[in-house]
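User: Could you walk me through this structure? I'd like to start with its pockets and then look at how a pair of helices packs.

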Amino acid sequence: MEGKSSLEPLEEETKMNAEPERKFGVVVVGVGRAGSVRMRDLRNPHASSAFLNLIGFVSRRELKCIDDVQQISLEDALSSQEVEVAYICSESTSHEDYIRQFLNAGKHILVEYPMTLSRAAAQDLWDLAEQKGKVLHEEHVELLMEEFAFLKKEVVGKELLKGTLLFTAGPLEEERFGFPAFSGISRLTWLVSLFGELSVVSATLEERKEDQYMKMTVCLETENKRSFACPEYELLIYSPLTWIEEKGPGLKRNRHLSFHFKSGSLENMPNVGVNKNIFLKDQNIFVQKLLGQVSEKELIAEKKRILHCLWLAEEIQKHCC
């Protein structure tokens, strides 16, 4: 395997003209927490929002109007020439179908993670997007958080000996958000972005459905190549990583981490400040893609990281089932 394959988050500052020549019409599909934040950012004056025009929202619920934004049917969103972009903010199990429908209708896509619940489906959708000449962007706001920026600086140049990342939260419906390795893929993305491509050693899932409790424990390995004796020979040194997702009633949303390096240790996350406008920062990246301002090298690296994480999630699910 190669070393780090994750795309560095783009700078928040966007390389945009002050006065856009055109605006892309946007529809938001799903108006839960993420969809509501997306609609707020689209309606407020920001550099990237100046390139976007919120046409309406799609929801299975009969809402008619939210803050003067009109509800429209899925059929109208797909057929309207005014709609050029779809923000997919629905539950994870519906993402693949929505993406496929909107790509086939000739729309650009911004989708909340995970874009699909399999690597093969994601690759197929990227192939479709390329065929249609459309942008397909998977959101990863976790890479835009202050905590991640802190960790990135902390681990750079250090040799990992072992590490643990534990995430706790309230119950989450697998029927809507997928197997825990997929619904928790942002934590997996952190680990891959920090330590490079990983492999699955083992994975277990403890469930008490009557109590709405689950605990997934995954043992992963990094793979670092070190020259040994002669330059033409390499010794593979594996560093173990443990990822735990624990969800149930009464559990607070929190991350606990412990990374041990050859040069020292990092135990838990210090207070590194408030995460501000992370969805807006992600929108900035999306608009840069619409404007052709993201390099092919960055796009390839990002796609490689996303597909690798989806592959890991699939492997974890196989180990648990």
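**Pockets and a helix pair**

Analyst: Sure! This is a predicted model. The largest pocket has 48 residues lining it, and those nearest its centre are Arg33, Ala34, Tyr113, Phe177 and Arg253.

User: Which element gives the largest share of the lining of the largest pocket?

Analyst: Several elements give two or more residues to this lining, including helix H3 (95-104), strand S8 (160-169) and helix H9 (278-290). Helix H1 (33-43) is also among them. The largest share is 4 residues, and the element that supplies it is H1.

User: What volume does the second largest pocket have?

Analyst: Let's start with its walls. This pocket is lined by 18 residues, with Trp126, Glu130, Lys134, Glu296 and Leu299 closest to its centre. Helix H10 (296-320) gives the largest share of that lining, 5 residues. As for the space inside the second largest pocket, it's about 480 Å³.

User: Are helices H5 and H8 roughly parallel or roughly antiparallel?

Analyst: The axes of H5 (residues 146-155) and H8 (residues 185-195) come within 10 Å and cross at roughly 30 degrees. Angles under 35 degrees count as roughly parallel. Therefore H5 and H8 are, relative to each other, roughly parallel.

User: How many nonpolar residues are in the contact of H5 with H8?

Analyst: On the H5 side, the contact is made by Glu147, Phe148, Leu151, Lys152 and Val155, while H8 brings Trp190, Ser193, Leu194 and Phe195. Sorted by class, the contact has 2 charged residues, 1 polar residue and, for the nonpolar ones, 6.

How values were computed. Residues are numbered from 1 along each chain as its sequence is written. This is a predicted model: local features need pLDDT of at least 70, side-chain atom pairs count only at pLDDT 80 or more; totals for chains, interfaces and linings use all residues. Side-chain values use heavy atoms; hydrogens and water are left out. Axes are lines fitted to C-alpha atoms, for helices over the stretch in contact, and angles run from 0 to 180 degrees between N-to-C directions. Angles under 35 degrees count as roughly parallel, over 145 as roughly antiparallel, 65 to 115 as roughly perpendicular and the rest as oblique. Contact means heavy atoms within 4.5 Å. Ala, Val, Leu, Ile, Met, Phe, Trp, Tyr, Cys and Pro count as nonpolar, Asp, Glu, Lys and Arg as charged, and the others, Gly among them, as polar. On a 1 Å grid over the protein atoms alone, a cavity is a set of points where a 1.4 Å probe fits but cannot get out, and a pocket is an open set with protein on both sides within 12 Å along at least five of seven lines; lining residues have an atom within 4 Å of a point. Grid points are joined across faces, edges and corners, and a volume is the space filled by probe spheres set on the points.
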